[in-house]
Amino acid sequence: MLTFQYYLLGFLDTVAGHFMLVSYLLAVTDEQAVWSRLKKLPPLSLSPVIAFLLSLGLSAVLEVGILRYFIMSFVTLVMCSLWVTWAWRWDIWRAFSAVCMAGILQVAATALVQVLFLMFPSGLKLDAAAMAAALLFSAASAAMLKRLHFGTWFRLLLEDQANLRRTAALIFALEISMETFLILQNGVRGQYLAAYYSLAVVLVLLMIGLIVYLAHRFDDSRLLQAQRDIIIQQQIYEQSLEDIRREIRSFRHDYKNLLAGLPLQTQEGAQDVLCATLPELDADFDRHLGEKIRLSVQIGNLRIPQIRSLLLCKLTDMGNKGVECRLEVLYPVERISINVWDFVRCLGVLTDNAIEAAQDVQQPWVEIVLLAQGGSVFLRVANPYTNVIDPGKLWENGWSTKGPGRGLGLSGYRHILEGYPNATVCTSWENHVFVQELTLEDRT
Amino acid sequence: MIEIYICDDEDAIRQQIQTALERKILAENYDMKVVCSAASAQKLLDAAKDGRQGIYFLDVDLKDREWDGFRLGQQLRRRDPYGTLVYITGYGELAWRTFQYHLEAFDYIVKEPERVGPSAARCLEEINMRLLEQRRNPVQTLTLRTGEVVRHIPLDSILFFETASAAHHVLLHTQGGRIDFLGSLNELEEQLGEGFIRTHRAYLVAADKIEAVDLKHNKLWAGGRECLLSRSGKAKLRRKAEGNQ
């Protein structure tokens, strides 16, 4: 009977551990749509069952407790990572890093609950009460971490694709050391236990600090890179300003000549000639300068460096590919209600797809309208296309107007926006023009 | 009678447009009248308090700190969602597409002495033709708002509504697109009435757009797109089919 209770408790312990891990996962990944993520929870319930059966099997084979503990922890980490890969549609390294981070936080929660029990001894049976307390505490602290936006920083760190594996290895190493730390409690004398657990909590806080610091560094370097890009792009932009200046100088010359001849011509009554020259000059001015001046005003309204950098880059790209670009930015874009990098990625996907599809047409063009009002931003990207659109397949992954397998960007686009309830996405195709619209409302 | 409003802070231009419009109305015997010719946005807004399907000629570049042509247009759209907006612009720097998509602006005329009057008259002729066409074939529309953008969707282009994965978002599938907006299927079902069937908790389908039904796999198709079918949805379909016979 005792053994049954023992096993039941063991199983509940595993389940509770998973619960804590998931609540920290939601905090660490800065999940906005918590409920839709929780809907994908059922398959994860396999994990505690497998873990429990495995622990039964292992206890029959292995005598050494520590080794068993490590194998169990590792298997749980892997199973949870696989679940995250599936539920979040992340790649395995990102998922693994997130799960390890959640694991570290879980260790801290366990340690803190132990400290509380040591400091305020109660008559409760430690196991069950500790479990309940740990559950409550983990939910509360996960909510707090979310409020403190730790998840935003952590996600930022994971965005560093180039160093993703290194980040994953670092967090995994931290997780192992924390787990070891917790195991070593067995060798600590009773009177030092509280101090020992407190130390564990302090260590985790330091790790959180480290993560935030690393994310900060990454963010700074990325912004620096964007600014460097802008400087390069700016040179092209300045070149076009230089063109404008040169043309204005030549127009000044023409106008001066015209004005100088004016008194003479009116005296001679040659008004017909005058009437013919003026509109011609005017049209000439519009043709040579109007469009360039207009474009430079639009670009000037892009006040966010990352967005400006991306659009300048795409404008150059379109120029090289012979795609006419119509850009309209009526009001200055200074603020955006979602993460700027997420917006830049969306904009990149939409313009890339538009440029690619437009090239099938005789006279390719892409139209980008960006309107900022208050904190809300509206984006519209339109392009001509020639392929046939099958509305039944349009929203499947990997579909584009260029045919299947080309529009991989679009699923990423939708995936980014899933996390933002203030984003609305519209798609339409009519008269061989394909239009994507994105509205980001400011709901703060 | 259709009311015409003009707003431009250049007196000469405003005068020219007004004269040209009044002459055109007289010559063609349109049922229209220039009721307001204002030099400032505020004066126009005071006059157009309860504008109903009016025609507005607005200067893009108002020298006003609070109002420019775009903001004035937005304000007028809120009051008069079916009105006609025409913009008067001084040079070719107008961000015309932004005006088109956000305000459903009808057209623009360029401020050139001599030409601005005739352009305004020609524009009025086109507006008149469109209004006549609308009166002849009235199109029933559904009005949706995403952010500041208001859309009028013809009812006969609607295939079905579907609840999106994000809370309170509804996806409207039309013949040529998919629109995301904030709303609820229950309200839409009540508003649209007869022609639409709630085939599933998450689907509201236009009855005349259903192409195929697969009772075995609980699916149906409208416009080549797949919808779900629930048990109560099947009963509703059956009732509808019997009613039609």
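How many Å separate the centres of domain 1 of chain B and domain 2 of chain B, taken over C-alpha atoms? That is point 2 below; some housekeeping goes ahead of it.

1. **Ground rules.** This is a predicted model, where local features need pLDDT of at least 70 and side-chain atom pairs count only at pLDDT 80 or more, while totals for chains, interfaces and linings use all residues. Residues are numbered from 1 along each chain as its sequence is written, and chains are lettered from A, with ligands numbered from 1, in the order in which they are written.

2. **Domains of chain B.** The centres of domain 1 and domain 2 of chain B sit 37 Å apart, going by C-alpha atoms. The assignment puts domain 1 at 2-136 and domain 2 at 141-244; bounds like these come from an automatic or database domain assignment. Four residues of domain 1 of chain B are in contact with four of domain 2 of chain B, where contact means that the C-beta atoms, placed from the backbone, lie within 7 Å. On the domain 1 side, those residues split into one nonpolar, two polar and one charged. For that split, Ala, Val, Leu, Ile, Met, Phe, Trp, Tyr, Cys and Pro are nonpolar, Asp, Glu, Lys and Arg are charged, and the others, Gly among them, are polar.

3. **The A/B interface.** Here 29 residues of chain A are in contact with 26 residues of chain B. On the chain A side, the elements giving two or more residues are α10 (271-300), β1 (324-329), β2 (365-373), β3 (376-384) and β4 (423-430). Helices (H or I, at least four residues) and strands (E, at least two) are DSSP runs, numbered from the N terminus. β4(A) gives the most, with seven residues. By type, the chain A side divides into 10 nonpolar, nine polar and 10 charged residues.

4. **Strands across the chains.** β4(A) and β10 (residues 177-182) of chain B run antiparallel, joined by two bridges; strands count as paired if DSSP finds at least two bridges between them. One spot to click on is A:T427, which stands opposite B:R178 in β10(B).

5. **On through chain B.** β10(B) also pairs with β9(B), antiparallel, over six bridges, and a hairpin with two residues in between joins β9(B) to β10(B). B:T174 has B:G177 as its bridge partner in β10(B). B:T174 is also the bridge partner in β9(B) of B:I158. That second pairing is between β8 (residues 158-163) of chain B and β9(B), antiparallel over five bridges. The hairpin of β8(B) and β9(B) has five residues between the strands, and B:H168 there takes a positive phi near 70°. Strand β9 (residues 169-174) of chain B is mostly covered, with five of its six residues buried. Buried means 20 or more other C-beta atoms within 10 Å of a residue's own, exposed means 12 or fewer, and partly exposed is in between, with C-beta atoms placed from the backbone.

6. **Cores.** The largest nonpolar core has 79 residues, and B:Y87 and B:A120 touch the most other members. A core here is a set of buried Ala, Val, Leu, Ile, Met, Phe, Trp, Tyr and Cys residues joined through C-beta atoms within 7 Å. Helix α12 (residues 340-358) of chain A supplies the largest share of this core, eight residues. Leaving out residues up to four places away in sequence, B:A120 touches B:I17, B:A20, B:L21, B:F57 and B:I109. Another core, of 51 residues, lies apart from the largest one, and A:W83 and A:L182 are among its members.

7. **Helix α12(A).** Its 19 residues reach 27 Å from first C-alpha to last, close to the 27 Å expected at 1.5 Å a residue; the expected span is 1.5 Å times one less than the number of residues. Buried residues in α12(A) include A:F343, A:C346, A:L347 and A:L350.

8. **Backbone oddities.** Most residues other than glycine have a negative phi. B:E104 is not a glycine, yet has a positive phi of about 50°. B:E104 lies in the loop between α4 (96-103) and β5 (107-110) of chain B, and is partly exposed because 18 other C-beta atoms lie within 10 Å. B:N218 has a positive phi near 55°, sits in the loop between β13 (210-214) and β14 (219-222) of chain B, and counts as partly exposed with 16 C-beta neighbours inside 10 Å.

Note on methods:
Two residues are in contact if their C-beta atoms, placed from the backbone, lie within 7 Å.
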